[in-house]
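The following note is offered to a colleague who is meeting this structure for the first time. Please read the numbered points with the sequence and the model at hand.

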Amino acid sequence: MSDNEYNEGIHEIHSFEVDEFDIVCGPVCGGKVVSSTGVVPARHQVHFNQIFADAKTRALFMMMLNHVRATSETISYPYRCDTETHCVYLRAVVSKSSTMHVGFVNKVMEYELRPENARLVCSLSSENPDFTLCSICNRLRHENQWLEFQQLVDQEIWPADGKPMGCQFDTCANCENALRQRVAETQRSYTAKAACTALHAVQGG
Ligand SMILES: [Zn+2]
């Protein structure tokens, strides 16, 4: 396989917008919205809720959506969206793209090829999954620890022979706390700005 073929899919991380009815519009390119749950055909009306495979990720993203919608603040955070062959490092920016729409813009910052013997071959499985994957940092839970995929391969916990593993998504405590903290920080700056505006209005009036 050529390097080009390997790299296919890495840039298929599409940005999208969510309208005032929580419907996903877009995508910006490619004709499909890619999420942790897979590929959603563009023609179907997809509710924002439906693009997340697990309740915790869904709740976190709903919180971000509602926060940005209410305050017009911008939230930016790093995340991973690994492919079978690559570690892919992205930055997401969540901001108001118009008065009614909130944009989720995902940008690939860098990516690296995995070692030859390490292929992340998994399928989404909610019943008796072999592994749980953090939807933000893509680490995998193993005995109450969140480990890098490469660590699981090195410790022979993940089969290196390319056998597909059933995976479910969740959010690790680190990522959940980091996102909640970002929202809390921008909430504080929003509240401070609002108080300042109110004070000016009082002084001006
Ligand atoms: Zn995580």
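1. A residue counts as exposed if 12 or fewer other C-beta atoms lie within 10 Å of its own, as buried if there are 20 or more, and as partly exposed in between. The model under discussion is a predicted one. By this criterion N144 is exposed, because 5 other C-beta atoms lie within 10 Å. N144 belongs to the loop between β11 and β12 (145-147), and its phi is positive, about 65 degrees, although the residue is not a glycine.

2. N138 should be read beside N144. Its phi is near 65 degrees, again a positive value in a residue other than glycine. Most residues other than glycine have a negative phi. N138 is found in the loop between β10 and β11 (140-142). Is N138 buried or exposed? It is buried, since 22 other C-beta atoms lie within 10 Å.

3. As to the overall content, the protein has four helices and 13 strands. Of its 205 residues, 21% are buried. Among contacts with a separation of 6 or more, 57% are between residues 24 or more positions apart.

4. Helix α4 (residues 173-204) deserves separate attention. It has 32 residues and reaches 46 Å from its first C-alpha to its last, close to the 46 Å expected at 1.5 Å a residue. Its buried residues are C175, L179, V183 and T186. What covers these buried residues includes α2, β6 (75-80) and β10 (131-134). An α-helix has 3.6 residues a turn, so residues three or four places apart point the same way.

5. How does α2 (residues 55-71) lie against α4? The two axes come within 11 Å and cross at roughly 15 degrees. Angles under 35 degrees count as roughly parallel, and α2 is therefore roughly parallel to α4. The crossing is left-handed. On the α2 side the contact is formed by K56, L60, M63, M64, H67 and T71, which meet E176, L179, V183, T186, Q187 and Y190 in α4. By class, this contact has six nonpolar, four polar and two charged residues. L179, V183 and T186 thus appear both in this contact and among the buried residues of α4.

6. A last point concerns K107, which is placed in strand β8 (residues 102-113). K107 counts as partly exposed because it has 13 C-beta neighbours inside 10 Å. Leaving aside residues up to four places away in sequence, K107 touches L90 and R91. R91 is 16 residues from K107 along the chain, yet their C-alpha atoms are separated by 5.3 Å.

How values were computed:
Residues are numbered from 1 along each chain as its sequence is written. This is a predicted model: local features need pLDDT of at least 70, side-chain atom pairs count only at pLDDT 80 or more; totals for chains, interfaces and linings use all residues. Axes are lines fitted to C-alpha atoms, for helices over the stretch in contact, and angles run from 0 to 180 degrees between N-to-C directions. Helices (H or I, at least four residues) and strands (E, at least two) are DSSP runs, numbered from the N terminus. Angles under 35 degrees count as roughly parallel, over 145 as roughly antiparallel, 65 to 115 as roughly perpendicular and the rest as oblique. A crossing is left-handed if the near helix is turned anticlockwise from the far one by less than a right angle, and right-handed if clockwise. Two residues are in contact if their C-beta atoms, placed from the backbone, lie within 7 Å. Ala, Val, Leu, Ile, Met, Phe, Trp, Tyr, Cys and Pro count as nonpolar, Asp, Glu, Lys and Arg as charged, and the others, Gly among them, as polar. The expected span of a helix is 1.5 Å times one less than its number of residues.
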